[in-house]
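Colleague: I have a few minutes before my next job finishes, and I would like to go through this model with you. Could you put it up?

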Amino acid sequence: PPAMSRRVVRQSKFRHVFGQPVKADQMYEDIRVSKVTCDSSFCAVNPKFVAIIVESGGGGAFIVLPLAKTGRVDKNHPLVTGHTAPVLDIDWCPHNDNVIASASEDTTVMVWQIPDYVPVRNITEPVVTLEGHSKRVSIISWHPTARNVLLSAGCDNLVILWNVGTGEMLLALDDMHTDLIYNVGWNRNGSLLVTTCKDKKVRVIDPRKQQIIAEKTKPHDGTRPIRAIFVADGKIFTTGFSRMSERQLGLWDLNNFEEPIALQEMDTSNGVLLPFYDADSSIVYLCGKGDSSIRYFEITDEAPYVHYLNTYSSKEPQRGMGFMPKRGLDVSKCEIARFFKLHERKCEPIVMTVPRKSDLFQDDLYPDTPGPEPALEADEWLSGKDAEPILISLRDGYVPIKNRELKVVKKNILDSKPPPGPRRRHSTCDSDISQPALEEVLEEIRALKETVQAQEKRISDLENKLGQFTNGTD
């Protein structure tokens, strides 16, 4: 008899990953999520906070909530309100859970220090404002391994790299994009960038050499926006549209950019697919704006290379999506991803789990993962050094570090210019303040700052207590 041809099911520990929304009381309710038309994810999360871009009359704002502060959000909850036009993108610093950057239609990027306690009033003063774009800034992304390096991309087709620690521009990548930039992504060690653009090209850029090292025209034939991210081994994963307006995903090898490793059609929905990638499990999650589902795929070295795993489906469409870094997950529950799905008026965490019977730490699900320590300083990276992320074990869970202050040391513009002619002794620039005296003044300012923060915390605690006593009776 002829041998029965039977399809062998591919072995993978992620075949049965399933998604589940949290219980109703674990959601964040009564949030006026921004209605700005922008393909950004509108939400950024880390092991301490969830930040969401919100509607705000005249100006731009986002709200920051401690993760544990679930339930209804007080309508007077303080916002972060420094921008003069809508906020378009936000991103938490990977090396400091109390620092977040925001990009706005007002052409600026601002970097904020968020206290561990809930402040009493709106936060209006950024630690630093970065000005260099001439049009709205719709994309920001922190460098994965170098301290204080931040990328911004604007509608002026310009990509700028900043040193947040000094407030200065490190590099400006102009003349590379001929049209609107759709998205920008770093590779794992931050040595390369991948960008997608309205001119239908995907570019791989070495930012320090200011060179395009590879590019692909029309990875997807359709006219709608393309997205691209780096995945393992320097491959590139793209989402886009076919000529027939079907949504597609593609996997590409930089060394042979002509032919895709994989190209798959998905459906005919018209929302742009936002890809979220977890390097530890090699799973890419696709969340379409306006979709009500999250599809996820495993990327491997075996054909067909991009393996469909499953779809998390729900009834409500998503307005945006936050993606928790690995160190913020609950390893005791075999959680391998957590999304923060934005609705019109709420944020709903969705937990992705691998079903396991054992309560022991599952080390095959949790290889060591990037921790909060940067591997390089900004100037080391700029001078050409590369370093892989510094990894940590999640065996005992991750405990967030206490608030570390971001110090910005502005360089004196006069320091970098040679003195004109011979220096004369009676220059008015010679400071009369001795170093020790200056230190003393700074110390005093520091102490005052701490006092003010302590008072703010105390006022906040007292207000909360008072709220409990009055219990809603005015």
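Modeller: Here it is, and what follows goes from the overall chain to single residues and then to the empty spaces.

Colleague: Before anything else, what kind of model is this?

Modeller: This is a predicted model, so everything I say about it is computed from predicted coordinates.

Colleague: How many helices and strands are there in the protein chain?

Modeller: The protein chain has 2 helices and 32 strands.

Colleague: And what does the radius of gyration say about the protein chain?

Modeller: The protein chain has a radius of gyration of 24 Å, which agrees with the value near 23 Å that a compact globule of 474 residues would have. Along its principal axes, the C-alpha trace spans about 105 × 65 × 45 Å.

Colleague: What share of the residues is buried, and what share of the contacts joins residues at least 24 apart?

Modeller: Of the 474 residues in the protein chain, 50% are buried. As for contacts between residues at least 6 apart in sequence, 52% of them join residues at least 24 apart.

Colleague: Let's zoom in on R203. Where does it sit, and is it buried or exposed?

Modeller: R203 belongs to strand β18, which covers residues 201-206, and because its relative accessibility is 2%, under the 20% cut-off, it counts as buried.

Colleague: An arginine in there makes me curious about its partners. Which side chain makes a polar contact with the side chain of R203?

Modeller: That is the side chain of D199, in a polar contact with the R203 side chain at 2.5 Å. In addition, a polar atom of the R203 side chain lies 3.0 Å from the backbone oxygen of M176.

Colleague: Which other residues is R203 in contact with, leaving aside its neighbours within four places in sequence?

Modeller: With those neighbours set aside, the contacts of R203 include H177, T178, L193, V194 and T195, and also C197, I212, A214 and E215, besides M176.

Colleague: Moving to the backbone, which residues other than glycine have a positive phi?

Modeller: K200 is one of them, with phi near 70°, and K218 is another, with phi near 50°. In general, most residues other than glycine have a negative phi, and most peptide bonds are trans.

Colleague: Where are K200 and K218 placed?

Modeller: K200 lies in the loop between β17 (193-197) and β18, and with a relative accessible area of 25% it is partly exposed. K218 is in the loop between β19 (211-217) and β20 (227-230), and at 36% relative accessibility it also counts as partly exposed.

Colleague: Which residues does a cis peptide bond join?

Modeller: A cis peptide bond with omega of about 0° joins A303 and P304, and P304 is in the loop between β26 (293-299) and β27 (306-313).

Colleague: Now V120: where is it, and what does it touch?

Modeller: V120 sits in the loop between β10 (108-113) and β11 (128-131), and its relative accessibility of 19% means that it counts as buried. Not counting residues up to four places away in sequence, V120 touches P78, E456, I459, S460 and E463.

Colleague: Let's turn to empty space. How many cavities of 30 Å³ or more does the structure hold?

Modeller: The structure holds 3 of them, and the largest cavity contains about 100 Å³ of space. Its lining consists of 14 residues, with V64, H77, I114, P119 and I123 nearest its centre, and by class these divide into 12 nonpolar, 1 polar and 1 charged.

Colleague: What volume and what lining does the second largest cavity have?

Modeller: The second largest cavity has a volume of about 60 Å³, and its lining has 3 nonpolar, 3 polar and 4 charged residues. Among the residues that line it are D97, R327, K402 and R404.

Colleague: And the second largest pocket, how much space lies in it, and which helix gives the largest share of its lining?

Modeller: About 990 Å³ of space lies in the second largest pocket, and helix α2 (residues 435-470) gives the largest share of the lining, 8 residues. In total 27 residues line this pocket, and Q113, V127, E405, K449 and Q453 are the ones nearest its centre. By class, the pocket lining has 13 nonpolar, 5 polar and 9 charged residues.

Conventions. Residues are numbered from 1 along each chain as its sequence is written. This is a predicted model: local features need pLDDT of at least 70, side-chain atom pairs count only at pLDDT 80 or more; totals for chains, interfaces and linings use all residues. Side-chain values use heavy atoms; hydrogens and water are left out. Helices (H or I, at least four residues) and strands (E, at least two) are DSSP runs, numbered from the N terminus. Buried means under 20% relative accessible area, exposed over 50%, partly exposed in between (1.4 Å probe, protein chains only). A polar contact is a pair of N or O atoms within 3.5 Å; within protein, one must be able to donate a hydrogen and the other to accept it, and residues adjacent in sequence count only if both atoms are side-chain atoms. Contact means heavy atoms within 4.5 Å. On a 1 Å grid over the protein atoms alone, a cavity is a set of points where a 1.4 Å probe fits but cannot get out, and a pocket is an open set with protein on both sides within 12 Å along at least five of seven lines; lining residues have an atom within 4 Å of a point. Grid points are joined across faces, edges and corners, and a volume is the space filled by probe spheres set on the points. Ala, Val, Leu, Ile, Met, Phe, Trp, Tyr, Cys and Pro count as nonpolar, Asp, Glu, Lys and Arg as charged, and the others, Gly among them, as polar. The radius of gyration is taken over C-alpha atoms; the globule rule is 2.2 Å times the number of residues to the power 0.38.
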